[in-house]
Amino acid sequence: MTWNNFVDAFRTRFESVDMAGDVFVALNGLWQGNKTAAEYTALFKQYADRTGLSKEDLMKRYCKHLS
């Protein structure tokens with residue numbers, strides 16, 4: 001087994017196949033709940049930066065899941 005084969009096999013086993021889809025699932029499942037607004041905002045920004053959505057779309061998603 002070559003190094004490249006190992007890296008490919010490792011990625012196939014442990015990395016997500018659909019990173020963009022995973023980000024949307026995580027973002028849609030994120031709710032403020034009992035988090036402070038600052039905690040919720042920080043978590044939201046971690047996912048939002050990777051979606052490629054417009055600021056307007058992100059704002060709608062952000063506000064939808066506020067407590």
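Let me start with a term. A helix here is a DSSP run of H or I, at least four residues long, and helices are numbered from the N terminus. With that in hand, take alanine 26: this residue is found in helix α2.

One caution before we go on. What you see is a predicted model.

Now the whole chain. The protein chain has 4 helices and 0 strands. Read from the N terminus, the elements go α-α-α-α.

What about its dimensions? Along its principal axes, the C-alpha trace spans about 50 × 25 × 15 Å. A compact globule of 67 residues would have a radius of gyration near 11 Å. The protein chain has 16 Å. Buried residues make up 18% of the 67 residues. Next, look at contacts with a sequence separation of 6 or more. Of these, 51% join residues 24 or more positions apart.

On to the packing of helices. How do we describe two packed helices? We use the angle between their axes and the distance between the axes.

First pair: α2 and α3. Helix α2 covers residues 19-28, and helix α3 covers residues 37-48. Their axes come within 9 Å. They cross at roughly 160°. Angles over 145 degrees count as roughly antiparallel. So α2 and α3 are roughly antiparallel to each other. Their crossing is left-handed. Which residues make the contact? From α2 we have Val23, Ala26 and Leu27. From α3 we have Phe44, Tyr47 and Ala48. Sort the residues of this contact by class, and you get 6 nonpolar, no polar and no charged.

Back to alanine 26, then, since Ala26 is in that contact. Is alanine 26 buried, exposed or partly exposed? Its relative accessible area is 24%. Buried means under 20%, and exposed means over 50%. So alanine 26 is partly exposed. Alanine 26 and tyrosine 40 are 14 residues apart in sequence. In space, C-alpha to C-alpha, they are 13 Å apart.

Second pair: α3 and α4. Helix α4 covers residues 55-64. The axes of α3 and α4 come within 11 Å and cross at roughly 140°. That angle is not over 145 degrees, and it is outside 65 to 115. Therefore α3 and α4 are oblique to each other. Here the crossing is right-handed. On the α3 side, the contact is made by Ala37, Tyr40, Thr41, Phe44 and Ala48. On the α4 side, look for Leu58, Arg61 and Tyr62. By class, this contact has 6 nonpolar residues, 1 polar and 1 charged. Find Phe44 and Ala48 on your screen. They are listed in the contact of α3 with α2, and they are listed again in the contact of α3 with α4.

Two more residues to find. Alanine 38 sits in helix α3. Its relative accessible area is 57%, so alanine 38 is exposed. Histidine 65 is 27 residues away from alanine 38 along the chain. Their C-alpha atoms are separated by 14 Å.

Where is asparagine 34? Look in the loop between α2 and α3. Asparagine 34 has 77% relative accessibility, so this residue counts as exposed. Asparagine 34 and lysine 45 are 11 residues apart in sequence. Their C-alpha atoms are 18 Å apart in space.

To recap the pairs: α2 and α3 are roughly antiparallel, and α3 and α4 are oblique.

Key
Residues are numbered from 1 along each chain as its sequence is written. This is a predicted model: local features need pLDDT of at least 70, side-chain atom pairs count only at pLDDT 80 or more; totals for chains, interfaces and linings use all residues. Side-chain values use heavy atoms; hydrogens and water are left out. Axes are lines fitted to C-alpha atoms, for helices over the stretch in contact, and angles run from 0 to 180 degrees between N-to-C directions. Helices (H or I, at least four residues) and strands (E, at least two) are DSSP runs, numbered from the N terminus. Angles under 35 degrees count as roughly parallel, over 145 as roughly antiparallel, 65 to 115 as roughly perpendicular and the rest as oblique. A crossing is left-handed if the near helix is turned anticlockwise from the far one by less than a right angle, and right-handed if clockwise. Contact means heavy atoms within 4.5 Å. Ala, Val, Leu, Ile, Met, Phe, Trp, Tyr, Cys and Pro count as nonpolar, Asp, Glu, Lys and Arg as charged, and the others, Gly among them, as polar. The radius of gyration is taken over C-alpha atoms; the globule rule is 2.2 Å times the number of residues to the power 0.38. Buried means under 20% relative accessible area, exposed over 50%, partly exposed in between (1.4 Å probe, protein chains only).
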